[in-house]
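Here's a quick briefing to keep beside you while you turn the model around. Start with the picture below, then work through the points by topic.

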Amino acid sequence: CKQGSRNSYRFFNPEMQLRSVRQVQMENALRKALEREQLRLFYQPQISLTTGKVVGIEALIRWQHPEFGLVSPMEFIPLAEESGLILPIGEWVLVTAIQQMKNWLDQGIAPMTIAVNLSAVQLREKNIAQIVRQLLEEANLPAEYLELELTETAAMSEPEKAIELLDELHSLGVSIAIDDFGTGYSSFAYLTRFKINKLKIDQSFVRRIGTHTEAEVIIDSIISLTQSLNLKTVAEGVETEEHLNFLREKGCGEVQGYYFSKPKPAEEIENWLREYIK
Ligand code: C2E
Ligand code: CA
Ligand code: CA
Ligand code: CA
């Protein structure tokens, strides 16, 4: 059996065809998701380990489709990126999150930042900084309340462009977090040239606290790194007391995870906030 014929069989693999039909159907459905108001944002709090206060809230997108059900962003964000739909969807996320933050500010719910995920595709958009500036202006929200999360991989894929963009965003006054830190490749030299405020320790490391020494060593070194670069650290995926104690002992500044709250709709997170503050 030759290599070549194995490859041609793979091409006709019915399972693969099925998967791509689902993808095509989903992409078509995603095109209509915005106008049909099937997209929503959920919110998850970020807690300071030094003060115990809620210092931020991350906005996470959800897609509720009548047939597909609740589709994970892990599945539909890549589709949105391939099709370019991420641009209007990403803008909707920004508008919605900014409005929500403004609303919370007006209600006097403790000042904090709202963190919004930006896709690598949005970063390549020429005028993304202008879009952000305009949306903040329209909503009358001071830039310091907005934090943008971009993944390590997105930032490092075209580092010179990222430096320029981060400079622009920094001068607007928004803060920047590098998401999924430790999973990609980072150069120390670039890290110091990026105008960033925070590194988010990826949950794959946090999950292994207590069972995998290598993960603990990595977390420890990321925290030391952020301290020497004068950055903040957020650990994501914090689920247990053990995770929390380890992170506190190592000097991690902020935590986020199911231990405190799952991502929830706005009204539910408001209730959670009121309860937490009490
Ligand atoms: P991410 O930005 O790394 O977000 C963290 C993910 O971990 C979220 O999954 C969150 O719900 C989940 N999570 C939070 N705490 C815990 C925990 O304690 N344990 C576990 N097991 N998981 C936890 P989600 O909401 O499904 O989002 C998945 C990914 O989709 C995000 O990863 C992000 O890359 C992407 N995403 C979500 N919303 C947006 C968006 O508005 N725009 C873009 N471009 N990407 C988004
Ligand atoms: Ca994120
Ligand atoms: Ca992350
Ligand atoms: Ca992630």
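Aspartate 179 counts as buried because its relative accessibility is 6%, under the 20% cut-off. Keep in mind that this is a predicted model. Aspartate 179 is a good place to start, since this residue coordinates both the calcium ion (ligand 3) and the calcium ion (ligand 2), and a polar side-chain atom of aspartate 179 also lies 3.0 Å from an oxygen atom of ligand 1.

**The calcium ions**

- The calcium ion (ligand 3) takes its protein donors from Asp179 (OD), Asp180 (OD) and Glu236, with Glu236 (OE) listed twice. These donors lie 2.2 to 2.4 Å from the ion.
- Along the sequence, the donor residues of the calcium ion (ligand 3) follow the spacing D-D-x55-E.
- The calcium ion (ligand 3) and the calcium ion (ligand 2) sit 4.1 Å apart, with aspartate 179 coordinating both.
- On the other pairing, the calcium ion (ligand 4) and the calcium ion (ligand 3) are 3.6 Å apart, and here aspartate 180 coordinates both.
- For the calcium ion (ligand 4), the coordination comes from Asp180, with Asp180 (OD) listed twice, at 2.8 to 2.9 Å.

**The two aspartates**

- Where does aspartate 180 sit in the fold? You'll find aspartate 180 in strand 6, which covers residues 175–181.
- Is aspartate 180 buried or partly exposed? Aspartate 180 counts as partly exposed because its relative accessibility is 24%, which falls between the 20% and 50% cut-offs.
- Aspartate 179, as said, counts as buried at 6% relative accessibility.

**Ligand 1 and its surroundings**

- Ligand 1 sits in the largest pocket.
- How many residues surround ligand 1? There are 21 of them, and the closest are Gln44, Arg62, Gln203, Glu239 and Tyr258.
- Arginine 62 puts a polar side-chain atom 2.8 Å from an oxygen atom of ligand 1.
- With tyrosine 258, the contact comes from the backbone: one of its polar backbone atoms is 2.8 Å from an oxygen atom of ligand 1.
- Taken alone, ligand 1 would expose 810 Å², and the protein buries 84% of that.

**Who builds the shell**

- Strand 2 (54–65), helix 3 (73–83) and strand 6 each supply at least two residues of the shell around ligand 1.
- Which element gives the most to that shell? Strand 2 does, with four residues.
- Strand 6 is worth a second look, as this strand holds aspartate 180 and also supplies residues of the shell around ligand 1.

Note on methods. Residues numbered from 1 in each chain as written. Chains lettered and ligands numbered in written order. Predicted model: local features only at pLDDT ≥ 70, side-chain atom pairs only at ≥ 80, totals over all residues. Heavy atoms only, no water. Donors = N, O, S within 2.8 Å, 3.2 Å for Na, K, Ca; no water. Buried < 20%, exposed > 50% of the residue type's maximum accessible area, 1.4 Å probe, protein only. Near = heavy atom within 4 Å. Polar contact = N/O pair within 3.5 Å; in protein donor to acceptor, adjacent residues only side chain to side chain. Areas by Shrake-Rupley, 256 points an atom, 1.4 Å probe, with all protein chains shown as cover. 1 Å grid on protein atoms, 1.4 Å probe; cavity = no way out; pocket = protein on both sides within 12 Å on 5 of 7 lines; lining within 4 Å. Sits in = over half its atoms within 2 Å of the grid points.
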